[in-house]
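Please open the structure in your viewer and keep the sequence panel visible. The tour proceeds by selections, each followed by a description of what is found there.

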Amino acid sequence: VTPQARLVRTLVRALRASSAPNPARIGLTLTDDEEITRLNEQHMGHEGPTDVLSFPLLSPAAFPPHDGQDPLVRVSAGPVFVLPPGRRIDLGDIIVSVERASEQAEQGRGGHTGNIQWSPADELRLLVTHGALHVCGWDHARAEEEAAMRALERRLLAG
């Protein structure tokens, strides 16, 4: 199995676990720290590089509710767009810094907790999973939702 195929499988597992519409389209860009720094500053207002950015196109309310989710995001549901049969809905984009993933893994700062030592490929799989969950309405601003999100990430990566 190629590394690319493994990432695609990882992404598909996260989308299925989030009950993402099917068929759907999602963008995954693998980049370096220079580009993700620019995107992080431009779109998020944060200085410096980050490991993953997600740009969802659908409201979190477009996905089924999940553990720990802020009930207020359910209220903000926008209109549901009905597409012709067979058309793919665009979910959004995930941008991952391969450079950041490799550095975090090599320094034993992986797994979002900053204390997991594993391969750069495993860190990359985590970041793709994390980004996909964000696109599908997951967040970690609330402790309850963060715990549920981290638990789901662990289950998906173990499978």
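The stops below go from the whole chain to single residues and their contacts.

**The whole chain**

Begin with the complete chain displayed as a cartoon, bearing in mind that the model is predicted. Six helices and three strands make up its secondary structure. Traced along the sequence, these elements follow the pattern α-β-α-β-α-β-α-α-α.

Switch to the C-alpha trace, which spans about 45 × 35 × 35 Å along its principal axes. A compact globule of 159 residues would have a radius of gyration near 15 Å, and the chain, at 16 Å, agrees with that expectation.

Now colour by accessibility: 40% of the 159 residues count as buried. A surface display covers about 9,000 Å² of exposed area, of which carbon and sulfur atoms supply 53%. Among contacts with a separation of 6 or more, 65% are between residues 24 or more positions apart.

**Ser18, after the first helix**

Select Ser18, in the loop between H1 and strand E1 (24-31). Is Ser18 buried or exposed? Its relative accessible area is 6%, so Ser18 counts as buried. Extend the selection to its contacts beyond four places in sequence: Phe63, Pro64, Leu133, Cys136 and Trp138.

**Salt bridges**

The structure holds nine salt bridges; three of them are visited here, beginning with Asp33 and Arg100.

Select Asp33 and Arg100, and display their side chains. The closest N and O atoms of this salt bridge are 2.5 Å apart. Asp33 belongs to helix H2 (residues 33-44) and Arg100 to helix H4 (residues 98-106), so the pair ties together parts that are 67 residues apart in sequence. Both partners, Asp33 and Arg100, are buried.

Remain in helix H2 and select Glu35 with Arg38. Their side chains meet in a salt bridge, at 3.8 Å from N to O. Why are these two residues separated by about one helical turn? Arg38 and Glu35 are three residues apart in helix H2, which accounts for that separation. In general, an α-helix has 3.6 residues a turn, so residues three or four places apart point the same way. Arg38 is partly exposed, at 45% relative accessibility. Glu35 is also partly exposed, with a value of 30%. For a wider selection, include Glu103: salt bridges with shared partners join Asp33, Arg100 and Glu103 into one network.

Next, select Arg142 and Glu144. In this salt bridge, the closest N and O atoms are 3.6 Å apart. Arg142 is partly exposed, at 30% relative accessibility.

**Helix H6**

Select residues 143-158, which form helix H6. How does the distance between its end C-alpha atoms compare with the expected span? At 1.5 Å a residue, the 16 residues should span 22 Å, and the end C-alpha atoms are 23 Å apart, which agrees.

Within helix H6, highlight the buried residues: Glu145, Ala148, Met149, Arg150, Leu152, Glu153, Leu156 and Leu157. Then show helix H1 (3-17) and helix H5 (120-135), which are included in what covers these buried residues.

**Glu145 and its surroundings**

From helix H6, isolate Glu145. At 4% relative accessibility, Glu145 counts as buried. Which residues does Glu145 contact beyond its neighbours within four places in sequence? They are His66, Asp67, Gly68, Gln69, Asp70, Gly137, Trp138 and Asp139. From this group, select His66: it lies 79 residues from Glu145 in sequence, yet the two C-alpha atoms are 8.1 Å apart in space.

**Asp139, the last stop**

Move to Asp139 and display its backbone nitrogen, which lies 3.1 Å from a polar atom of the side chain of Glu145. Asp139 is located in the loop between H5 and H6. With 33% relative accessibility, Asp139 counts as partly exposed.

Expand the selection around Asp139 to its contacts beyond four places in sequence, namely His134, Glu145, Glu146 and Met149. Finally, draw a distance line from the C-alpha atom of Asp139 to that of Pro56: the two residues are 83 residues apart along the chain, and these atoms are separated by 12 Å.

Terms used: Residues are numbered from 1 along each chain as its sequence is written. This is a predicted model: local features need pLDDT of at least 70, side-chain atom pairs count only at pLDDT 80 or more; totals for chains, interfaces and linings use all residues. Side-chain values use heavy atoms; hydrogens and water are left out. Helices (H or I, at least four residues) and strands (E, at least two) are DSSP runs, numbered from the N terminus. The expected span of a helix is 1.5 Å times one less than its number of residues. Buried means under 20% relative accessible area, exposed over 50%, partly exposed in between (1.4 Å probe, protein chains only). Contact means heavy atoms within 4.5 Å. A salt bridge is a side-chain nitrogen of Lys or Arg within 4 Å of a carboxyl oxygen of Asp or Glu. The radius of gyration is taken over C-alpha atoms; the globule rule is 2.2 Å times the number of residues to the power 0.38. Accessible areas come from the Shrake-Rupley method with a 1.4 Å probe; for residues, only the protein chains shown count as cover. A polar contact is a pair of N or O atoms within 3.5 Å; within protein, one must be able to donate a hydrogen and the other to accept it, and residues adjacent in sequence count only if both atoms are side-chain atoms.
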